[in-house]
Amino acid sequence: MSSKIHADDLTAVVRYALETTRATIVCPFHDRVIIRVGDDAAESHAFERAKRIIKSDGEFWASAYDYPHF
């Protein structure tokens with residue numbers, strides 16, 4: 001993982017996974033604009049990659065199934 005990515009920031013982890021799987025790119029003219037360039041398979045790959053990134057405390061990111069449903 002790039003040293004610029006903070007593993008405890010979920011937004012940074014997701015953005016890293018999407019960019020490294022080529023599912024999205026950052027607009028060359030507007031650094032806050034993200035452009036979808038990949039297909040559903042690239043997004044699925046990014047999702048799996050993001051789930052496997054370990055936080056600094058050694059834990060994995062919790063999934064939606066780990067939270068109580070109301």
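## Before the first helix

Asp-8 lies in the segment before H1. Asp-8 is partly exposed, with 34% relative accessible area. Together with Asp-9, Asp-57 and Glu-59, Asp-8 forms a negative patch on the surface. The model you are looking at is a predicted one, so please read what follows in that light.

## The overall plan

Let us step back to the whole chain. The protein chain has two helices and two strands. Followed from the N terminus, these elements come in the order α-β-β-α.

Of the 70 residues in the protein chain, 20% are buried. The chain exposes about 5600 Å², and carbon and sulfur atoms supply 57% of that area. Among contacts with a separation of 6 or more, 37% are between residues 24 or more positions apart.

## From helix H1 into strand E1

Helix H1 covers residues 10-20, and strand E1 covers residues 24-26. In the loop between helix H1 and strand E1 you will find Arg-22. Arg-22 has a phi of about 60°, a positive value, although this residue is not a glycine. For comparison, most residues other than glycine have a negative phi. The relative accessible area of Arg-22 is 63%, which means that this residue is exposed.

Is Thr-24, in contrast, buried or exposed? Thr-24 counts as buried because its relative accessibility is 10%, and the cut-off for buried is under 20%. Thr-24 sits in strand E1. Leaving aside residues up to four places away in sequence, Thr-24 touches Leu-18, Glu-19, Ile-34, Ile-35, Arg-36 and Val-37.

## A nonpolar patch at the surface

One of the residues touched by Thr-24 is Ile-35, and Ile-35 belongs to strand E2, which spans residues 34-36. With a relative accessible area of 32%, Ile-35 is partly exposed.

Which residues form a nonpolar patch on the surface with Ile-35? They are Ile-25, Val-33 and Val-37. Taken together, the four residues of this patch have about 290 Å² of accessible area.

## Salt bridges in helix H2

Side chains of opposite charge can pair when their charged atoms come close. How many salt bridges does the count come to? The count comes to four.

Helix H2 runs over residues 40-52, and Glu-48 takes part in two of the pairings described here. With Lys-51, Glu-48 forms a salt bridge whose closest N and O atoms are 3.3 Å apart. Glu-48 and Lys-51 are three residues apart in helix H2, so about one helical turn separates them. Glu-48 is partly exposed at 30% relative accessible area, and Lys-51 is also partly exposed, at 37%.

Glu-48 also meets Arg-52 in a salt bridge, at 2.8 Å from N to O. Glu-48 and Arg-52 both lie in helix H2, four residues apart, which is about one turn of the helix. Salt bridges with shared partners also join Arg-36, Asp-40 and Glu-43 into one network.

## A closer look at Arg-36 and Asp-40

Within that network, Arg-36 forms a salt bridge with Asp-40, and their closest N and O atoms are 2.9 Å apart. Arg-36 counts as partly exposed, at 48% relative accessibility. Asp-40 counts as exposed, at 55%. Arg-36 is also one of the residues that the buried Thr-24 touches.

Definitions and conventions: Residues numbered from 1 in each chain as written. Predicted model: local features only at pLDDT ≥ 70, side-chain atom pairs only at ≥ 80, totals over all residues. Heavy atoms only, no water. Buried < 20%, exposed > 50% of the residue type's maximum accessible area, 1.4 Å probe, protein only. Patch = residues over 30% accessible without salt bridge, like charges linked within 9 Å, V, L, I, M, F, W, Y side chains within 5 Å. Areas by Shrake-Rupley, 256 points an atom, 1.4 Å probe, with all protein chains shown as cover. Salt bridge = Lys/Arg side-chain N within 4 Å of Asp/Glu carboxyl O. Lys, Arg positive; Asp, Glu negative; His and termini not counted. Charge placed at Lys NZ, Arg CZ, Asp CG, Glu CD. Contact = heavy atoms within 4.5 Å.
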